[in-house]
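This report describes selected features of one protein model, taking a pocket, a helix and a set of charged pairs in turn.

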Amino acid sequence: MLAAWRDWRDTRRVRKMGFTQAQWQAAVAGWPVLNRYSDQERQALMALSFRFLARKSVVPGGDFQITDAMCLKVATMACVPILKLGLDWYNGWYTVILYESAFVPNRPHRTPDGVVHPRGPVLSGEAWQQGPVILSWEAVCHSGGASNVVIHEMSHKLDMRYQGANGAPPLHQGMRPQKWHDIFSKAFGELQEDYRHHRPMPVDAYALTGPGEFFAVCSEAFFEAPDQLYQDWPDLYNLLARFYRQGEKSL
């Protein structure tokens, strides 16, 4: 009954917002990721994006002026990871804060050397446990290659659904946690070796920050550069495909 009420409420809010297919298509035009989806899947993604905006507020950071097109683009990128999972995977938080460019968190920050600074480092994105997702619009516009700040932060939100952002999101029935751990640990170790020996790396070195960042960076690559990720780490790729329920390839 609650699900039916929520569906009714979402539909009512979407109708009130009045977004059109033409608006959506204009907002996401030029994002290559969408070319991998069928017409039916793109229609489903559009509908999911509208519902995302019915449940989440996109608000400006500072005096940045936000447009409907910006909201639609961010919502679409946010919904790609949950296209086959459903919007309920983003339950428990309600706000996206969009800054014009990189931002500096106004809170103390401890660096690896143990020094506490009054403010944090410059960021292009951040996801809070049971709190907002914060994004730089400039970074959103520079998505591509194997990088996507929206997908990165949204994957943190998925990861946070189970014991925090530790690289171990809640797995579907039939997926074994030990296999997840083994495959991700092996790839993480390989990336450490590549970094240590100054070799080309399958994903950005920021993934070495910790298991949570490794999962988020690999998720970016899974959607933005899937063929390259599959070539470098086929087992990890197919594990992500099973988790996101899309893009699975035969080994």
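## Pocket lining, helix H1 and salt bridges

Helix H7 (177-196) and helix H8 (211-224) each supply at least two residues to the lining of the second largest pocket. The model is a predicted one. H7 gives the most to this lining, with 6 residues. In total, 15 residues line the second largest pocket, and Asn166, Gly167, Ala168, Trp180 and His181 lie nearest its centre. The volume of the second largest pocket is about 270 Å³.

Two loops that adjoin H7 hold residues with a notable backbone angle. Gln163 is in the loop between helix H6 (149-159) and H7, and His198 is in the loop between H7 and H8. Phi of Gln163 is near 60 degrees, a positive value in a residue other than glycine. His198 likewise is a residue other than glycine with a positive phi, near 60 degrees. Most residues other than glycine have a negative phi. Gln163 has a relative accessible area of 61% and is therefore exposed, the cut-off being over 50%. For His198 the relative accessible area is 74%, so this residue is exposed as well.

Helix H1 comprises residues 2-17, 16 residues in number. From its first C-alpha to its last, H1 reaches 22 Å, close to the 22 Å expected at 1.5 Å a residue. Which residues of H1 are buried? They are Arg9, Asp10 and Val14. Seen down the axis of H1, these buried residues fall within an arc of 135 degrees, so they line one face of the helix. The buried residues of H1 pack against H3. On the other side of H1, the exposed residues are Ala4, Trp8, Arg12, Arg15 and Lys16. Gly18 follows H1 and has a positive phi, near 75 degrees.

The charged residues of H1 lead on to the salt bridges. A search of the whole structure finds 11 salt bridges; three of the pairs are set out below.

| Salt bridge | Closest N to O distance |
|---|---|
| Arg9 and Asp10 | 3.6 Å |
| Asp39 and Arg42 | 2.3 Å |
| Arg55 and Asp88 | 2.9 Å |

Arg9 and Asp10 are both buried. Asp39 and Arg42 both lie in helix H3 (residues 39-55), 3 residues apart, about one turn of the helix. An α-helix has 3.6 residues a turn, so residues three or four places apart point the same way. Asp39 counts as exposed because its relative accessibility is 56%, whereas Arg42, at 24%, counts as partly exposed.

The salt bridge between Arg55 and Asp88 has its closest N and O atoms 2.9 Å apart. This pair links distant parts of the chain, 33 residues apart: Arg55 is in helix H3, and Asp88 is in the loop between helix H4 (68-79) and strand S2 (95-99). Is Arg55 buried or exposed? With a relative accessibility of 17%, Arg55 counts as buried, because the cut-off is under 20%. Asp88 is partly exposed, with a relative accessible area of 41%.

Some of these residues also belong to a wider arrangement. Arg6, Asp7, Arg9, Asp10, Arg51, Arg55 and Asp88 are linked in a network of salt bridges. Among the members of this network, Arg9 and Asp10 are buried residues of H1, and Arg55 lies in H3.

Note on methods. Residues numbered from 1 in each chain as written. Predicted model: local features only at pLDDT ≥ 70, side-chain atom pairs only at ≥ 80, totals over all residues. Heavy atoms only, no water. Salt bridge = Lys/Arg side-chain N within 4 Å of Asp/Glu carboxyl O. Buried < 20%, exposed > 50% of the residue type's maximum accessible area, 1.4 Å probe, protein only. Helix = DSSP H or I, 4+ residues; strand = E, 2+ residues; numbered from the N terminus. Expected span 1.5 Å × (residues − 1). Arc of directions from axis to C-beta. Contact = heavy atoms within 4.5 Å. 1 Å grid on protein atoms, 1.4 Å probe; cavity = no way out; pocket = protein on both sides within 12 Å on 5 of 7 lines; lining within 4 Å. Points joined across faces, edges and corners; volume = space filled by probe spheres on them.
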